[in-house]
Amino acid sequence: MNEPVIRDVIIIGGGQSGLATAYNLRRSSLDFLLLDEQAQPGGAWLHGWKSLRLFSPADASSLPGWLMPRTHELYPTRQDVIDYLTHYEQRYGFPVQRPVRVASVEQIDAGFRLKTDRGEYQTRALVCATGSWSQPYSPDYPGRKTFQGLQQHSAFYATPDEFRGKRVLVVGGGNSGAQILAEVSKVADATWMTLQEPTFLPDEVDGRFLFQAATQRFQSGNTAQGGGLADIVMVDSVKEARSRGVLQAVRPFTALIQNGVVWPDGRQESIDAIIWCTGFRPALGFLEPLGVLTPEGRVQVQGTRSVRQPGLWLVGYGNWTGFASATLIGVNRSARQTAREVIDYLQSPNRS
Ligand code: FAD
């Protein structure tokens with residue numbers, strides 16, 4: 001079998017983060033390639049629920065180089081984002097091979113060997129941009145395995161139909177929890193459970209404000225909470241839910257039982273279904289052979305660069321890889337820095 005071509009850079013992941021990194025590498029002389037396990041562009045946006053909308057308007061949700069075209073309504077739909085990412089990739093003609101799923105990454109003298117379902121790839125530098133959608137997370141409450149009702153993570157939620165007429169617990173106080181509660185509460189007896197009181201943005205502000213306010217705090221070095229990217233944007237569906245008085249949240253149950261939950265005061269309540277809107281973990285399991293993963297499945301980084309593994313960068317995993325890096329408007333800052341470091345790394349004779 002002939003040895004695979006050794007590339008200068010491979011980017012694993014062709015979602016918004018991979019594309020932003022490719023955009024910042026496109027003018028370099030480096031031979032780079034993106035590998036993505038999905039048959040079409042769009043990254044995680046291919047899997048969001050049907051009514052999912054951005055929480056910022058198109059002009060505040062763009063990747064570098066090309067503004068997202070104005071959309072019919074103020075907040076772009078999931079399909080608008082998929083169309084944008086598809087056209088963005090075509091516009092710049094990025095070299096994306098899909099579907100290619102990376103199973104493992106090993107270190108070799110020249111850099112890295114990637115084992116995939118389409119054979120082996122080799123590269124001198126590696127950028128991971130695999131997001132987190134494929135790693136839904138839900139907390140392990142006592143009795144989790146005892147509960148006989150339906151359990152579904154927001155990553156798999158599509159529409160409220162299957163919850164019609166049921167007693168449903170929506171767990172999670174972020175934008176997902178609020179938007180799914182708003183929908184499900186129209187067809188089911190829904191209770192909203194959050195760790196602390198949910199924080200809502202004022203009606204007239206949206207993701208742009210969050211991003212600007214969080215950027216100012218970031219630039220002033222003030223990382224205190226408050227006005228964070230986790231605040232709930234009052235998109236129309238959430239405003240409508242507020243008018244029905246359903247945006248009241250309760251604090252967590254103490255345990256799950258076969259047909260429901262036990263609340264802190266000891267009361268038992270029958271529940272038919274739980275929707276876990278409790279976030280995700282980074283999709284980085286393929287890095288296991290490098291021995292760089294922390295117990296939380298992350299990698300220790302300086303900016304986006306692995307502290308322990310030369311030639312490895314991570315883009316788009318949220319604040320631990322760069323402020324607002326898990327957003328369309330925020331990812332370019334870290335993608336641009338990553339591209340600069342990769343170029344320097346590959347051009348320095350005694351790279352380490
Ligand atoms: P992804 O979009 O997940 O793309 C990663 C790609 O890598 C995928 O195509 C995946 O298939 C591929 N991949 C993964 N593992 C492998 C592998 N082993 N081999 C090959 N390919 C692999 N952001 C905003 O900017 N504005 C918003 O309004 C907004 N709203 C959101 C609402 C919700 C409910 C959620 C959950 C997120 C929201 N986000 C929003 C965040 C945004 O959707 C994600 O941060 C974004 O999708 C991350 O992009 P990414 O390219 O890093 O990862």
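The legends below describe close-up views of a predicted model of a protein chain with a ligand.

In this predicted model, local features need pLDDT of at least 70 and side-chain atom pairs count only at pLDDT 80 or more, whereas totals for chains, interfaces and linings use all residues. Residues are numbered from 1 along each chain as its sequence is written, and side-chain values use heavy atoms, with hydrogens and water left out.

**View 1. The two domains of the protein chain.** The assignment gives domain 1 (5–134 + 280–347) and domain 2 (144–276), with bounds that come from an automatic or database domain assignment. Taken over C-alpha atoms, the centres of domain 1 and domain 2 are 28 Å apart.

**View 2. Where domain 1 meets domain 2.** Domain 1 and domain 2 bury about 1,800 Å² between them, 69% of it on carbon and sulfur atoms; buried area is the accessible area (1.4 Å probe) that two parts lose on being put together, summed over both. In domain 1, Trp-49, Phe-55 and Phe-323 lose the most area to domain 2, together 42% of what that side buries.

**View 3. Residues around the ligand.** Among the 30 residues around the ligand, Ser-17, Asp-36, Phe-55, Ala-326 and Leu-328 come nearest, where a residue counts as near if one of its heavy atoms lies within 4 Å.

**View 4. Polar atoms facing the ligand.** A polar side-chain atom of Glu-37 lies 2.9 Å from an oxygen atom of the ligand, and a backbone N or O atom of Ala-44 lies 2.8 Å from an oxygen atom of the ligand. For Val-102, a backbone N or O atom lies 3.0 Å from a nitrogen atom of the ligand.

Conventions. A polar contact is a pair of N or O atoms within 3.5 Å; within protein, one must be able to donate a hydrogen and the other to accept it, and residues adjacent in sequence count only if both atoms are side-chain atoms.
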